[in-house]
Amino acid sequence: MPGFADMDVETIWQNGEFKDWDDATTHVLTHALHYGSGIFEGVRAYDTDEGTAIFRWDEHLDRLFASAKPYDLDIGYSREELTEVTLELLRREDLESAYIRPIVYYGYHSLGVSPVDVPTETAIAAWPWGAYLGDEALENGVKVMVSSWRKHASSQVPTNAKTTGLYVNSMLAGEEARRNGFVEAIVLNKEGNVAEGPGENLFLVRDGELFTPGLSESILDGITRDTVIKLARERGYTVHDNVAISRGELNTADELFFTGSAAEVTPIRQVDNVEIGNGSRGPVTEELQSAFFDLVEHRGDHDEWFTDV
Ligand SMILES: Cc1ncc(COP(=O)(O)O)c(C=O)c1O
């Protein structure tokens, strides 16, 4: 994965100011560094036919504000202010397409676990980022491993809040998979049913219908998941979006694919040692993947999902 040092981006917005990239720093005694007490978003802006536009920005803002709630994090900026600075950032950097990372976290004051009196810091960065799991993955699919690490249950932490600290679970699962020669992991929930990928939701295709774990299965309520559900229904597919999927159903699926703002729509061609379907991108995955990429390029009937830069 290319590092920031290779990128030609100069500005980050932090706590109300546009700063030089190297100056957007935080103290080592920042609360969030010690306790994972931050929330964030991962958003993409696409180079559409009508110019650069942020995809589903409103829904990402909705989730950012919802994620803040359980932690009593005061974002300190309105939706309008965050929108304005994000658009300004993209314009300043002249980015035609970008990955956008807003983050809000408990900052520097004292190191008790209690965040009372700890100020909130808010930052937004954006940079060019290609296919998360690689271009080849989009076409041929990825090999994934069912992780030995289970997803935290929503009775332990709010799994529907996109919280920085929760991503140690994603890191463990993903690295375990990669050390074993796979590209990505699938993480089961506490009950042993399929939850999601480390940074992706999961869809299963069986007999021409789509299935994806319901929100009570300890998943993040993915915005790409929602996009794909809508695109599939518009194309006449039946989508079961409130189901439990057992581990065994992965092996017998006709097709499997991941969705995510970073991963977009990525086919899964193998789970552990089992080839899925015919071991390559299946026809339903291909149709929905091209519907997705068509949408983010040409907007189709969903102009309301785009915020022009
Ligand atoms: C754990 C997890 N699940 C699912 C997703 C997919 O969500 P979205 O489509 O909103 O990016 C992500 C990525 O944000 C994630 O980190």
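**Domain interface and ligand site**

Trainee: How many residue pairs are in polar contact across the interface of domain 1 and domain 2?
Mentor: The rule finds 15 such pairs, with both residues at pLDDT 80 or more. A polar contact is a pair of N or O atoms within 3.5 Å; within protein, one must be able to donate a hydrogen and the other to accept it, and residues adjacent in sequence count only if both atoms are side-chain atoms.

Trainee: Which elements give two or more residues to the side of domain 1 that touches domain 2?
Mentor: They are β3 (38-40), β4 (43-48), α2 (57-68) and β6 (98-106). Helices (H or I, at least four residues) and strands (E, at least two) are DSSP runs, numbered from the N terminus.

Trainee: What should I know about the model itself?
Mentor: This is a predicted model, in which local features need pLDDT of at least 70 and side-chain atom pairs count only at pLDDT 80 or more, whereas totals for chains, interfaces and linings use all residues. Residues are numbered from 1 along each chain as its sequence is written, and side-chain values use heavy atoms, with hydrogens and water left out.

Trainee: Where do the domains lie in the sequence?
Mentor: Domain 1 covers 4-127 and domain 2 covers 135-298; the bounds come from an automatic or database domain assignment. Their centres, taken over C-alpha atoms, are 26 Å apart.

Trainee: How many residues of each domain are in contact with the other?
Mentor: 22 residues of domain 1 are in contact with 23 of domain 2, contact meaning heavy atoms within 4.5 Å.

Trainee: Any salt bridges, and which residues form one?
Mentor: The rule finds two across this interface. Separately stated, E264 forms a salt bridge with R44, their closest N and O atoms being 3.5 Å apart. The rule asks for a side-chain nitrogen of Lys or Arg within 4 Å of a carboxyl oxygen of Asp or Glu.

Trainee: Turning to the ligand, which side chain has an N or O atom 2.5 Å from a ligand oxygen?
Mentor: That is Y167. For R63, the distance to a ligand oxygen is 2.8 Å, and a side-chain N or O atom of E196 is 2.7 Å from a ligand nitrogen.
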